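Colleague: Before we look at the model, could you explain each term as you use it?

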Amino acid sequence: MSQYPDARFLVSAFRPEQFVPDTGTEVAFAGRSNAGKSSAINRIVNRRGFARTSKQPGRTQLINFFDLGDGRRLVDLPGYGYARVSRALREHWRGLLVEYFEHRQSLSGLMLVVDIRRQLGDFDWQMLDWCRDIGCPVHVLLTKADKLKREAANRTLQQVRKELGEQAEVQLFSAVKDLGLDSARSSLAALLAGKQKKASGAEYRGATEAKSTGLG
């Protein structure tokens, strides 16, 4: 049974004025296209088809707001790093996300979805930079962990934890095998309740000067 039985879609926003009222708390999900973000959302919320999935990367092209009940929301951000969109649209998405991260007072945490086989890329570091700047807690899901053998998955987990230090929590996750599902659900609940530690102000290893994020 879902922890959020009353969860429902609210609105898709193409412009900041289409965002839902900035009240309560919300946790955003972000990730590179084809990292398994929609599948992770559906499994964590335990609602099939809650977030749209597709074999074609880059299908999440708007900021999608979902009501979880009791003043809590889940926000599905556009996938990034997918090249088959125009430069103008990528720049629009970037501006939309800048507006979201810089001004959204109800944002209480970010779930960053990363394909364990690709690890952290420049776009992921850009998200981490934004969260660092506003003191937003981050929880990293290393998805598709079932695609690696256990030893390799654990080795990657330790490597990413070392790279991030105290800047984010990191775990293995598989929507197919339910690996790390309970931990992910607990982390989402903690972020929604404002109980997870804030992003560290320490310098990131990521390319902080690379502001031309290839959202798509």
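Modeller: What follows is a short talk about proline 16 and helix 2.

Modeller: This is a predicted model, in which local features need pLDDT of at least 70 and side-chain atom pairs count only at pLDDT 80 or more, while totals for chains, interfaces and linings use all residues. Residues are numbered from 1 along each chain as its sequence is written, and side-chain values use heavy atoms, with hydrogens and water left out.

Colleague: Why is proline 16 called partly exposed?

Modeller: Its relative accessible area is 31%, and since buried means under 20% and exposed over 50%, with a 1.4 Å probe and protein chains only, a value in between is called partly exposed. Proline 16 lies in the loop between strand 1 (8–13) and strand 2 (25–31), where strands are DSSP runs of E with at least two residues, and helices are runs of H or I with at least four, both numbered from the N terminus.

Colleague: Which residues is proline 16 in contact with, leaving aside its neighbours within four places in sequence?

Modeller: They are Leu96 and Glu99, and contact here means heavy atoms within 4.5 Å. Leu96 is among the buried residues of helix 2.

Colleague: How do you know that the span of helix 2 is close to the expected one?

Modeller: The expected span is 1.5 Å times one less than the number of residues. Helix 2 (residues 87–103) has 17 residues and reaches 24 Å from its first C-alpha to its last, close to the 24 Å expected. Its buried residues pack against several elements, including strand 1, strand 2 and helix 3 (122–134).
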